[in-house]
Amino acid sequence: MEKETLWVIKIGSAMITNGGVGIDYSLLDDYASQIAQLQAKGYQIVVVSSGAVAAGMKRLGWTSRPTELSELQAAAAVGQAKLVEAWQMALQKHQLTAAQVLLTHEDALDRTRYLNIRATLNALIHHNVVPIINENDTVSYDEFCIGDNDTLGALVANLIEADTYIILTDQQGLYNKDPRKNSDAKLLHHVRAMDPSLLDMASPEGGSLGKGGMYTKVKAAQKAATSGTQTYIVYGKADNGLLRVANHEEIGTQFEPEDTTMAAKKRWILNQAHVLGSVVVDKGAEKALMAHKKSLLPIGVIAVNGEFQRGEIIACLNEAGEELGRGLSTYHSQEVQKLLKTPSSDIINKLGYVISEEIIHRNNWVSHQ
């Protein structure tokens, strides 16, 4: 491969626990083997793994999913440790390391937490660690939770700007009508993610172990598409299903976004009507941004206007006050103020920590030219 490809893979409870029987170790071994082969080819993999509540129910001897929140949280607490242990055992056979990451809806809403999560995931990926992500069900509550891991997977795909989001489930993919009720239902192999008719085809009914259904999977595919991520819904027990997706075989249902990841992000940045702040750059930084398509480094920033948080959109002005473009700031405005004309190598001395060498990374920059 010429470049690394970033995948988010979501695996449902029915797959992980073999329909509630218990954690399916042989299936996890198969997934770990495919993940190892993908990593060897240059793919970067993040896993969103359901199964904590189902694994906890098995350990506690419960035969049906509880409805009381405290009981669900208890099952999650018991099952999460078992789930991550199982993933670690499977990945270790291929000299890979698992890392547990538990998220809540608050993490996704709070901009500082959001950026910290992204930085952590990127660091794990950089070190070839496989993040195993789940919603933190032990502290989430119904009024403020992500709700299902299909949606969580889409949020993670948006967060790390994944190229592909794969949902492994107990269905073959999306049919034009419910195959459980219509014998003439046809499997759809290629669809446009934003096609409004897709939700009418999807069933909202979930299994006994999870919260979703095909409806939530289609909604998740559409959410992922807003960042330019393509989504596949694939039968989780298909032979070498992940490898077949990588080989561009026709398997499951592929949801194509309207734009590439970069095009979608740039359109979003440019469409923001209100910008909270700006930075003024010197002639060297202007040339780096406009002519050479480089990142904006602190050494090229000579002034800060307004107040903005990490991850917010700011404008870049040249010394004449003309707006060159916009981008996502890696640092808070007060931090940028301390870093004016500072070499990247000296950030640690000015702040005591380093979030990034750039004020605006080139992937988060859109010029007006």
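## Exercises on a predicted structure

S50 lies in the loop between β2 (43–49) and α3 (52–60). The model examined here is a predicted one.

**Exercise 1. Determine whether S50 and N149 are buried or exposed, and what joins their side chains.**

Solution.

Step 1. The UniProt annotation "binding site", taken from an unreviewed entry, covers S50, D137 and N149.

Step 2. The relative accessible area of S50 is 7%. Buried means under 20%, and S50 is therefore buried.

Step 3. N149 belongs to helix α7 (residues 149–160). Its relative accessibility of 10% places N149 among the buried residues as well.

Step 4. Leaving aside residues up to four places away in sequence, S50 touches K10, I11, G12, S13, I16, L83 and N149. Under the same exclusion, N149 touches K10, V48, S49, S50, N134, E135 and Y165. K10 thus appears in the list for S50 and in the list for N149.

Step 5. The side chains of N149 and S50 make a polar contact of 2.9 Å.

**Exercise 2. State how the annotated residues K10, T169 and D170 are arranged in space, and describe the surroundings of T169 and D170.**

Solution.

Step 1. According to the unreviewed UniProt entry, the annotation "binding site" covers K10, T169 and D170. These residues are spread over 161 residues of sequence, yet they cluster in space, with a largest C-alpha distance of 12.1 Å.

Step 2. T169 is part of strand β5 (residues 164–169), whereas D170 is in the loop between β5 and β6.

Step 3. With a relative accessibility of 6%, T169 counts as buried. D170 has a relative accessible area of 42% and is partly exposed.

Step 4. With residues up to four places away in sequence left out, the contacts of T169 are M15, K217, I233, V234, Y235 and G236. For D170, counted in that way, they are A14, M15 and Y235. M15 and Y235 are named for T169 and also for D170.

Step 5. A polar contact of 3.2 Å connects the side chain of D170 with that of T169.

**Exercise 3. Find how many salt bridges the model contains, and examine the pairs formed by D29, R192 and E323.**

Solution.

Step 1. Side chains of opposite charge can pair when their charged atoms come close. The cut-off is a side-chain nitrogen of Lys or Arg within 4 Å of a carboxyl oxygen of Asp or Glu. By this rule there are 10 salt bridges.

Step 2. D29 pairs with K93, and their closest N and O atoms are 3.0 Å apart. This pair links distant parts of the chain, for D29 is in helix α2 (residues 25–40) and K93 in the loop between α4 and β3 (97–103), 64 residues apart. D29 is partly exposed at 26% relative accessibility, while K93 is exposed at 52%.

Step 3. R192 pairs with E258, with 3.6 Å between the closest N and O atoms. R192 lies in strand β6 (residues 190–192) and E258 in the loop between β8 (253–256) and α11 (261–270), so the salt bridge ties together parts 66 residues apart in sequence. The relative accessible area of R192 is 47%, which makes R192 partly exposed.

Step 4. E323 pairs with R326, the closest N and O atoms being 2.9 Å apart. E323 is partly exposed at 32% relative accessibility, but R326 is buried at 14%.

Step 5. Salt bridges also link K10, D150 and K217 in a network. K10 is one of the residues covered by the annotation in Exercise 2.

**Exercise 4. Compare the span of helix α4 with its expected value, and locate the bend in α4.**

Solution.

Step 1. Helix α4 covers residues 69–92 and has 24 residues.

Step 2. From its first C-alpha to its last, α4 reaches 34 Å, close to the 34 Å expected at 1.5 Å a residue.

Step 3. The bend in α4 is at G79 and comes to about 30°.

**Exercise 5. Describe the protein chain as a whole: what is its secondary structure, and what share of its residues is buried?**

Solution.

Step 1. The chain has 14 helices and 13 strands.

Step 2. Of its 369 residues, 53% are buried.

Step 3. Among contacts with a separation of 6 or more, 70% are between residues 24 or more positions apart.

Technical notes:
Residues are numbered from 1 along each chain as its sequence is written. This is a predicted model: local features need pLDDT of at least 70, side-chain atom pairs count only at pLDDT 80 or more; totals for chains, interfaces and linings use all residues. Side-chain values use heavy atoms; hydrogens and water are left out. Helices (H or I, at least four residues) and strands (E, at least two) are DSSP runs, numbered from the N terminus. The expected span of a helix is 1.5 Å times one less than its number of residues. The bend at a residue is the angle between axes fitted to the seven residues ending there and the seven starting there. Buried means under 20% relative accessible area, exposed over 50%, partly exposed in between (1.4 Å probe, protein chains only). UniProt positions are given in the numbering used here, feature names are shortened, and annotations may be inferred rather than shown by experiment. Contact means heavy atoms within 4.5 Å. A polar contact is a pair of N or O atoms within 3.5 Å; within protein, one must be able to donate a hydrogen and the other to accept it, and residues adjacent in sequence count only if both atoms are side-chain atoms.
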